[in-house]
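Here is a friendly walk through the nonpolar cores and charged pairs of one protein chain. Have a look at the sequence and the structure first.

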Amino acid sequence: MDVRIQWTYIASKKREVVLTSDFIRAEEALALAEDFEKTGRAKAIHFIDHHGGIWSKKELNKLLKEMESEPHDVIAYFDGGFDHATAKGGAGVVVYYKQNNEQYRLRANLQLDELRSNNEAEYAAFWFLMQMLEELGVHHLPVTFRGDSHVVLKQLSGDWPCFEDDYNAWLDRIEEKMSELGIEPIYEPISRKQNKEADQLARQALAGQMITSMMELTEKG
């Protein structure tokens, strides 16, 4: 989790100046705040996250402590498939994360109805991924999102515009949930070959084979 430090600096002749840092890791920000306090020239120290949330030192310390036992170091894959004959779609998601010093993998898929295109299936798959992250308890931390739908990822990052109203509705829903959970997204478009786990799950959903599985990975780190 990255935050800005905002503090009031007491200059000469008791003149006060409000200063704000760049975004840095929350752990580093807390350490710097302690150094500021030791100088006797800093007061009203707060921490601001990417969504404008304001945290006191006590609140931020508590959040970081809670996050140790919650999912973190999250890398999330998504893929959507579409069958033109039936207008059905399939969503597949794979989430790798750490919790309590162990590493886990979540795999899940979902069959989707009343879609109109493969692109819409990709948006729906990303929305399904957001729901799974919420169920896992992922919040207020960076999440790396990977998928072979460069359109969806580039539009979510703001690099590409979206002119279709239906797609904008999906984007709005996803971004609202992202903000609600306090997730700091990192978007990494990948090739279809690199996305084969999520792709297979989407294909299985289209075939009516529903899967939800969680497993602890043997490799630590």
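At 34% relative accessibility, does Asp166 count as buried, partly exposed or exposed? Asp166 counts as partly exposed, because 34% falls between the 20% and 50% cut-offs. Please keep in mind that this is a predicted model.

## Asp166 and its partner

Asp166 sits in helix H5, and its side chain meets that of Arg116 in a salt bridge, at 1.5 Å from N to O. Arg116 belongs to the loop between strand E8 (102-112) and H3, so the pair links distant parts of the chain, 50 residues apart. Arg116 itself is exposed, with a relative accessible area of 60%.

## Other salt bridges

The count comes to 12 salt bridges. One of them joins the side chains of Lys57 and Glu37, at 2.7 Å from N to O. Here helix H2 (residues 57-68) supplies Lys57 and helix H1 (residues 26-39) supplies Glu37, with the two positions 20 residues apart in sequence. Lys57 is partly exposed at a relative accessible area of 27%, and Glu37 is partly exposed too, at 40%.

Arg146 also forms a salt bridge, with Glu188, and their closest N and O atoms are 2.8 Å apart. Arg146 is part of strand E9 (residues 142-147) and Glu188 of strand E10 (residues 184-189), so this pair ties together parts 42 residues apart in sequence. Glu188 is partly exposed, with a relative accessible area of 30%. Finally, Glu134, Lys177 and Glu180 are joined into one network by salt bridges that share partners.

## A buried lysine

Lys177 is a residue of helix H5 (residues 165-181). Lys177 counts as buried because its relative accessibility is 13%, under the 20% cut-off. Its side chain makes a polar contact with the side chain of Glu134, at 3.1 Å. Beyond the neighbours within four places in sequence, Lys177 is in contact with Trp127, Met130 and Glu134.

## The nonpolar cores

In soluble globular proteins, nonpolar side chains tend to be buried together. The largest nonpolar core here has 58 residues, and the members touching the most others are Phe47, Phe126, Met130, Leu133 and Phe145. Helix H3 (residues 118-136) gives this core its largest share, 12 residues. Another core lies apart from it and has six residues, including Tyr77, Ile190, Ala198 and Ile211.

Which residues does Leu133 contact, leaving aside its neighbours within four places in sequence? They are Val74, Val95, Val138, Val143, Phe145 and Ile183.

Terms used. Residues numbered from 1 in each chain as written. Predicted model: local features only at pLDDT ≥ 70, side-chain atom pairs only at ≥ 80, totals over all residues. Heavy atoms only, no water. Core = buried A, V, L, I, M, F, W, Y, C linked by side-chain atoms within 4.5 Å. Buried < 20%, exposed > 50% of the residue type's maximum accessible area, 1.4 Å probe, protein only. Helix = DSSP H or I, 4+ residues; strand = E, 2+ residues; numbered from the N terminus. Contact = heavy atoms within 4.5 Å. Polar contact = N/O pair within 3.5 Å; in protein donor to acceptor, adjacent residues only side chain to side chain. Salt bridge = Lys/Arg side-chain N within 4 Å of Asp/Glu carboxyl O.
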